[in-house]
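Reader: I would like to understand how the words used for a structure follow from its numbers. Could you take me through the reasoning?

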Amino acid sequence: MTLDEMKRAAARAAIAYVPDNCIVGVGTGSTANHFIDALAEIKGRIDGAVASSEASAARLKSHGIPVYDLNAIDRLPVYVDGADEINHYLHAIKGGGAALTREKIVAAVAEQFVCIADYTKRVETLGRFPLPVEVIPMARSHVARELVQLGGRPVYREGVLTDNGNVILDVHGMSIVEPGKLEGEINQIVGVVTNGLFARRRADVLLLGTEHGVETYR
Ligand code: 5RP
């Protein structure tokens, strides 16, 4: 089985977490794309979706799934999204696709966050994957200096602007032993919009695609 087939299997397993007649929160990335395609097959039993990126919104619409503004809805039973890394506590690093801020907002609203991933994303300690930080453009150098003070090696993701018009710094070289603490510290730096640590709002369920099928962790 290829990694892509494992992602697809995890994404399809997430359909079981989608209640009837609800609006579904939808993430961003190749695994989330598999989820969108699976959602299209059951679109008759949902009311629509809220997307965490313009790219996912476009894919949902291409399947004829109505896309709502988050401000227009009052509850979101479930959010389904991938991750770049996820540990045993279901704390994650996200933002490889630069959609971290909208992902974090939709995850914060959702009653349940279902993470879908292939087995390579599961780690003992977060931080091998460089931590994405979304930054207001004029604050880029200031934030980079502050991230160095925190022990990281920030690298500007050149040529990338987020859906919110901001830039991304990818922070290398951090072994993240207290994800919730670091998440708060980075968010305190002036000019940071948010960072890709999902510890304060961790996943509630992890559906992990493996060679032996989809494993479920809570
Ligand atoms: C996008 C994300 C994605 O969930 C993360 O990058 C995983 O992507 P993929 O499913 O393609 O492996 O956080 O900002």
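Author: What follows is a set of questions and answers about this predicted model.

Reader: Why is Ala58 called partly exposed?

Author: The relative accessibility of Ala58 is 46%, and since buried means under 20% and exposed means over 50%, with partly exposed in between, Ala58 counts as partly exposed because of that value. Ala58 belongs to helix α3, which covers residues 54–62.

Reader: What makes Thr31 a polar contact of the ligand?

Author: An N or O atom in the side chain of Thr31 is 2.6 Å from an oxygen atom of the ligand, and a polar contact is a pair of N or O atoms within 3.5 Å, so the pair fits the definition. Gly82 also has a polar atom, in its backbone, at 3.4 Å from an oxygen atom of the ligand, and for Asp81 a polar side-chain atom lies 3.5 Å from a ligand oxygen. Of the 380 Å² of accessible area that the ligand has on its own, the protein covers 91%.

Reader: Which residues around the ligand are the closest, and how many surround it?

Author: The ligand is surrounded by 17 residues, and the closest are Ser30, Thr31, Asp84, Gly95 and Lys121. The shell divides into three nonpolar, eight polar and six charged residues, and in this division Gly counts as polar while Asp and Lys count as charged.

Reader: What is the space taken by the ligand?

Author: That space is the largest pocket.

Definitions and conventions: Residues are numbered from 1 along each chain as its sequence is written. This is a predicted model: local features need pLDDT of at least 70, side-chain atom pairs count only at pLDDT 80 or more; totals for chains, interfaces and linings use all residues. Side-chain values use heavy atoms; hydrogens and water are left out. A residue is near a molecule or strand if one of its heavy atoms lies within 4 Å of it. A polar contact is a pair of N or O atoms within 3.5 Å; within protein, one must be able to donate a hydrogen and the other to accept it, and residues adjacent in sequence count only if both atoms are side-chain atoms. Accessible areas come from the Shrake-Rupley method with a 1.4 Å probe; for residues, only the protein chains shown count as cover. On a 1 Å grid over the protein atoms alone, a cavity is a set of points where a 1.4 Å probe fits but cannot get out, and a pocket is an open set with protein on both sides within 12 Å along at least five of seven lines; lining residues have an atom within 4 Å of a point. A molecule sits in a cavity or pocket if more than half of its atoms lie within 2 Å of its grid points. Helices (H or I, at least four residues) and strands (E, at least two) are DSSP runs, numbered from the N terminus. Buried means under 20% relative accessible area, exposed over 50%, partly exposed in between (1.4 Å probe, protein chains only).
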